Amino acid sequence: MNIWESFKIALSSIWNHKVRSILTMLGIIIGVAAVIIIVAIGQGTRTKMTNEFFGTDKNAINIFYEYIPPEGEEPTFWMEPELTNEDVQTLAEVPGVKAVIATNQGFGMMVRNDVQGDMQITGVGAEYFSARKIRVQEGRAFYAADNDGLNRVVMIDTVARKKFFKESENPIGEIIDLNGNPYKVVGVYESPIPEQFRNKDNGEMMMPRAVISMMFGNREIEQLSVIASDPEKVSVTGRLAAETLTEKKGLEDGKYTTNSFEDYEKELNKMISLLTLLIGSIAGISLLVGGIGVMNIMLVSVTERTREIGLRKAIGATRRKILLQFLIEAITLTSLGGLIGMGLAAIGTIIVSKLSPITATMSPLIVLIGISFSAFIGIIFGILPANKASKLSPIDALRYE
Amino acid sequence: MKLNKITKVYGKGSLEVPVLHGIDLTIEDGEFIAIMGPSGSGKSTLMNIIGFLDYPTSGTYELNGEVISSAKESILAKLRNEHIGFVFQQFFMFPRDNALKNVASPLIYAGISKRERTERAKQLLTKVGLEDRMKHLPSELSGGQKQRVAIARALVNNPTIILADEPTGALDSKTSAQIMKLFTQLNEEGKTVIIVTHEEEIAAYAKRIITIKDGMITDDRSVVAS
């Protein structure tokens with residue numbers, strides 16, 4: 001007798017007791033479905049949060065100024081120190097720093113022919129393009145000379161190009177009007193912001209940051225971040241860069257510091273893991289209870305089928321074959337429960353994805369783990385009843401009333 | 001088949017119950033034997049030992065000149081499967097399998113292919129006169145028909161010995177006679193048939209009657225076939 005024969009006997013036995021089998025499987029079904037839905041939601045949440053908070057730039061870290069009032073004094077009006085190109089150069093030389101991103105922001109009304117729109121303007125330096133991996137679609141990126149020479153040039157993103165220029169037009173070299181002043185378009189770029197967060201109406205543009213400072217009266221560097229060459233050392237590199245800057249500026253009533261996304265991400269992961277663990281253990285308990293239910297029913301089944309076991313032994317079944325038959329029956333029962341649970345979980349994840357902004361994803365790995373785990377429960381809780389069945393003496397079993 | 005000084009003791013220590021006290025018995029191929037005796041005489045225990053359902057406490061056991069010394073469960077199971085065909089008083093069928101499947105069931109444990117199993121089961125059901133009941137469930141068969149299915153099942157492995165424990169105990173006298181005629185026919189075809197019974201008229205079909213009392217053979221006589 002091979003495994004396949006045992007499996008067929010097991011299936012017909014489960015089929016012959018349909019209601020009982022389904023009730024027995026219920027614990028496993030609920031347990032497996034719960035585990036998989038929870039894990040799927042957890043993964044979906046993690047992916048969503050990570051994308052929202054970190055975008056595409058996971059190894060960049062912000063450096064910002066923190067005011068420290070002198071001891072015993074109330075905080076008073078304070079000014080952030082002015083940052084210069086020289087400071088950017090200093091940061092670029094800090095070990096572990098791959099690139100420095102120094103930007104400021106402007107906001108203005110862009111007009112060309114009859115089209116107009118409010119534009120978000122990012123003031124950048126020449127290093128920005130390689131640091132953020134900006135793809136220039138047409139024309140050129142800014143040169144260092146654009147910043148130093150206060151050239152009134154702009155770059156527009158693909159959305160703005162679509163809005164302000166016809167497909168057939170060449171925007172490069174065209175003059176546009178921004179808050180009443182003329183600027184020359186030198187390039188078209190693809191925005192580094194993930195598509196779903198872009199300004200879909202007007203798009204955005206870039207200008208040399210010195211020009212923004214001059215035309216809008218902003219400080220030349222408002223946001224500062226460094227990109228670490230080793231993604232694992234973002235926090236360390238960021239802290240070192242902040243300390244270097246504080247030292248260079250000779251600050252007494254303030255310092256530069258970092259707000260590590262990595263720390264935040266760790267917290268987030270910890271929270272999700274904790275939640276997953278918590279609900280996972282509840283589901284685990286449900287699986288355990290389900291397993292005990294399977295064991296209970298299998299024990300009842302062994303008692304009920306004492307005569308069948310005796311007869312099988314009389315016609316030549318060995319202890320091993322009886323053990324195998326009942327073990328396979330238990331495994332089939334729990335695996336079937338696992339499969340049904342998996343089906344419910346698949347439906348559950350679809351519903352969750354439809355009703356909430358989270359895209360719950362069922363990975364093939366978790367499906368595999370789910371099925372093997374339910375089969376494993378079958379082995380664990382089937383061993384005792386199967387062993388009991390195999391040890392029945394054929395004489396006693398046949399005499400059993 | 002040869003049994004030498006077979007004893008069987010149930011229980012242990014002060015609860016020891018000796019059931020068989022040194023049975024010596026030689027059974028030749030092709031014999032038709034009835035084992036008789038009142039209940040509690042040890043005839044069922046002897047049958048269990050002959051059928052490898054149980055093993056003796058002491059004594060030796062020879063089958064076809066080979067001494068069976070091991071009481072290992074898997075070896076006994078193999079011996080049962082290859083050499084013994086059982087027929088029980090209560091028939092003992094797999095209630096959800098039809099007659100054909102019931103007859104074929106011992107062959108599963110002998111590792112025989114499904115096609116051959118079905119083929120042999122069909123032949124034997126035809127032999128016991130149930131060719132038109134092959135697809136019937138045990139619940140759809142009469143007692144006599146069930147016992148015929150059981151006999152077909154006992155024969156399917158082509159065993160050395162057919163061992164029947166009170167095979168007519170649950171049947172009326174007319175059906176009993178038919179079943180006993182079937183056993184007689186099998187014996188005439190060369191099978192060794194051993195029947196355990198307490199009924200004189202059933203024992204009368206056999207060619208040799210062994211009487212057991214208090215765990216010992218008290219009488220062993222050959223009879224001329226009636």
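The legends below describe close-up views of a predicted model.

**View 1. The largest nonpolar core and its most connected residues.** This core holds 114 residues. A:Ile36, B:Ile35 and B:Val103 are the members that touch the most other members. Helix 2 of chain A, residues 18-54, supplies the largest share of the core, with 13 residues. A second core, separate from this one, has 47 residues. Among them are A:Ala131, A:Met155, A:Tyr183 and A:Ala241.

**View 2. Surroundings of A:Ile36.** With neighbours within four places in sequence left aside, A:Ile36 is in contact with A:Met342, A:Ala345 and A:Met362, and also with A:Ile366 and A:Gly370. A:Ile36 is also one of the three residues that touch the most other members of the 114-residue core.

**View 3. Segments of chain A annotated as transmembrane.** An unreviewed UniProt entry places the feature "transmembrane region" at residues 21-42, 274-302, 323-352 and 364-384 of chain A. In the model, residues 21-42 of chain A are 100% helix and 0% strand. The C-alpha atoms at the two ends of that span are 31 Å apart. Residues 274-302 of chain A are likewise 100% helix and 0% strand, and 41 Å separates their end C-alpha atoms.

**View 4. The side of chain B that touches chain A.** Here 20 residues of chain B are in contact with 19 residues of chain A. On the chain B side, the elements giving two or more residues are helix 2 (73-83) and helix 3 (99-109) of chain B. Helix 2 of chain B gives the most, with 6 residues. Sorted by class, this side of chain B has 10 nonpolar, 5 polar and 5 charged residues.

**View 5. The open six-stranded sheet of chain B.** The 6 strands follow the order 6-7-8-3-9-10, and their pairing is mixed. Strand 6 (84-87) and strand 10 (216-222) of chain B are the edge strands, each pairing on one side only. From one strand to the next, the twist averages 20°.

**View 6. Strands 6 and 7 of chain B with the helix across them.** Strand 6 of chain B pairs with strand 7 of chain B (residues 161-165) in the parallel sense, over 4 bridges. B:Phe86 stands opposite B:Leu163, which belongs to strand 7 of chain B. Helix 5 of chain B, residues 143-155, lies across strand 6 and strand 7 of chain B. This helix runs at about 170° to strand 6 of chain B.

Terms used:
Residues are numbered from 1 along each chain as its sequence is written. Chains are lettered from A and ligands numbered from 1 in the order in which they are written. This is a predicted model: local features need pLDDT of at least 70, side-chain atom pairs count only at pLDDT 80 or more; totals for chains, interfaces and linings use all residues. A nonpolar core is a set of buried Ala, Val, Leu, Ile, Met, Phe, Trp, Tyr and Cys residues joined through C-beta atoms within 7 Å. A residue is buried if 20 or more other C-beta atoms lie within 10 Å of its own, exposed if 12 or fewer, and partly exposed in between; C-beta atoms are placed from the backbone. Two residues are in contact if their C-beta atoms, placed from the backbone, lie within 7 Å. Ala, Val, Leu, Ile, Met, Phe, Trp, Tyr, Cys and Pro count as nonpolar, Asp, Glu, Lys and Arg as charged, and the others, Gly among them, as polar. UniProt positions are given in the numbering used here, feature names are shortened, and annotations may be inferred rather than shown by experiment. Two strands pair if DSSP finds at least two bridges between them. Axes are lines fitted to C-alpha atoms, for helices over the stretch in contact, and angles run from 0 to 180 degrees between N-to-C directions.
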